[in-house]
Amino acid sequence: MKSLFALLLLLPSLIFAQPAPKPFGPLPSKGQLNWQEIGMYCIVHWSTATYTDKEWGYGDEDPKIVNPSNFSAMQIVAAAKAGGFKGIIVVAKHHDGFCLWPTKTTDHNISKSPYKNGKGDIVREYRQACDKLGMKMGVYCSPWDRNSALYGKPEYVTEVYRKQLQELYTNYGPLFITWHDGANGGDGYYGGAREVRKIDRSNYYGWDTTWGIARKLQPNAVIFGDVGPDVRWVGNEEGKAGETCWATYTPHAPEPGKKPGNGFVKDAEGTEGQRDGKYWMPAECDVALRPGWFYHKRQDDSVKTPEKLLDLFYSSYGRGAAFDLGLSPDKTGQLSANDVASLKTFGNIIKNTFAKNLAQGATITASNVRGKNAAKYGSKNLTDADRYTYWATDDNVKTGNIVADMHKPVTFDVIRLRENIKLGQRIDAIAVDAWEDGKWKEIATATSIGGNRLIKLDNKVTAQKVRVRVTKAAASIALSDFGLYKEASKI
């Protein structure tokens, strides 16, 4: 009888309980969610150009010059990990066409170098280091090949480039990303022709078919390129996304009526994306730790400082994009001491800054809770460990606020907000207030929250209560994370 009575009391809430919010706009795939959670990784350039002191190898380099005295994938990957990065992208082949694995597609590869008496496999060593250190791995194989005599002909794509991708995706997984860029033809060695070769950038590589190789062999990897299809280029090599940076994007060709492709797209549009973009295609911000992508001894004293890396971190990762930092091992096959030191100090700052959420344990009240169901959609979800539990509002409520009372004054200068992007990117703009001298004072505003938004304040703020106002949204609110942090000092 008591059970029946309890059920009758519960019945109205079951009948009138509001379902989860309907997804809004384009949505991320499983691979894109994984990529968003990784957030920070490094791309490693080391090839013939390391030994010729160039940024782009011409393609005529003798493989015998590639002979590191002490190559250590462990040292390189460990340095990246110490910097707070969660993965690396191996440049398995750059534009010089030299392959760092013993490929069957060309003799221009590591097996023709003296390294390990022709038995070396640099990509394999990176794979093993990533596995040992718990790091993710991706690969980049340049579509442009200044060594291949076939470049510019259809046979290069079908018999060389795609088969190289098949080897990499089959033998060196699992991969979290397959990386592609817009380097498309020009002067090169081309098997001794030493000439300029141009290709139709909109269709030469047959990207739809080429991407299909990754989809089949590495289905959980995202595909990066100027036109995605999963992750787009931010449009610059400065490591900075726009202050407003949408995860949604529609690539456009620079010439009307043509199909966009890698190296054939309106790059500037990638910086901010578009609110009404057709595809979920968030941005990656790539930038080198040094002035160049490859090692040059003259740049040993020009390594970006931890403070500069921190600025780039907030301008990329902090705006919902990924932070992709270029590393360049030297001729010995290791990162220089300056590079390692800068990475370590930067990593310590990040680790110590985000070690404690000062809003943890706060009493958080919300102006509206979806269906009054605090257990499922309440503000307690904002400070738990689950990235996808969330505070939600009713369908017709597109503005609202939360107030966090920390019960004692806390000092902070970093604010973190995230949406549950499984439901799309819904919020257009927010404002943050601190309770000071008996009234609310606005301390920050931001747009395009998405999968991650870090607001770095110019000055530290001390307050017991903080309010976040959603001032504009395209759909009901689904905010999944709220944090207050104090940036750690350089250690």
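**Exercise 1. Find the volume of the largest cavity in this predicted model, then say which residues surround its centre.**

Solution. Start with the volume: the largest cavity comes out at about 70 Å³. Next, the wall: 15 residues line this cavity, and the closest to its centre are Cys 245, Trp 246, Ala 247, Arg 319 and Gly 320. Now sort that lining by character, and you get seven nonpolar, six polar and two charged residues. Finally, check the count: the structure holds one cavity of 30 Å³ or more.

**Exercise 2. Describe the largest pocket and the second largest pocket by volume and lining.**

Solution. Take the largest pocket first, with a volume of about 400 Å³. Its lining has 21 residues, and His 95, Trp 179, Asp 181, Glu 237 and Asp 286 are the closest to the centre. By character, the lining of the largest pocket splits into nine nonpolar, six polar and six charged.

On to the second largest pocket, which holds about 310 Å³ of space. Here 15 residues make up the lining, and the closest to the centre are Met 40, Lys 86, Tyr 317, Ile 350 and Phe 354. Sorting the lining of the second largest pocket gives seven nonpolar, two polar and six charged. As for who supplies it, α2 (30-38), α9 (337-353) and β15 (400-419) each give at least two residues. The largest share, three residues, comes from α9.

**Exercise 3. Classify the ring pair Trp 56 and Trp 144, and work out which parts of the chain it ties together.**

Solution. Look at the geometry: the centres are 5.3 Å apart and the planes make 80 degrees. Planes over 60 degrees apart count as edge-to-face, and that's the class of this pair. Then place the rings: Trp 56 sits in the loop between α3 (48-52) and α4 (73-82), and Trp 144 in the loop between β3 (136-141) and α6 (154-171), so the pair ties together parts 88 residues apart in sequence. Last, exposure: Trp 56 is partly exposed at 45% relative accessible area, while Trp 144 is buried at 2%.

**Exercise 4. Do the same for Phe 85 and Phe 323, then find the cluster that holds them.**

Solution. The ring centres lie 5.5 Å apart with planes at 55 degrees, so this pair is tilted. Phe 85 is in the loop between α4 and β2 (87-93) and Phe 323 is in strand β12 (residues 322-327), 238 residues apart. Phe 85 is buried, with 2% relative accessible area, and Phe 323 is buried too, at 0%. Follow the ring pairs and you reach a cluster of Phe 85, Phe 313, Tyr 314, Tyr 317, Phe 323, Phe 346, Phe 354 and Tyr 485.

Conventions. Residues numbered from 1 in each chain as written. Predicted model: local features only at pLDDT ≥ 70, side-chain atom pairs only at ≥ 80, totals over all residues. Heavy atoms only, no water. 1 Å grid on protein atoms, 1.4 Å probe; cavity = no way out; pocket = protein on both sides within 12 Å on 5 of 7 lines; lining within 4 Å. Points joined across faces, edges and corners; volume = space filled by probe spheres on them. Nonpolar A, V, L, I, M, F, W, Y, C, P; charged D, E, K, R; others polar. Helix = DSSP H or I, 4+ residues; strand = E, 2+ residues; numbered from the N terminus. Phe/Tyr/Trp six-rings, centres within 6.5 Å; stacked < 30°, edge-to-face > 60°. Buried < 20%, exposed > 50% of the residue type's maximum accessible area, 1.4 Å probe, protein only.
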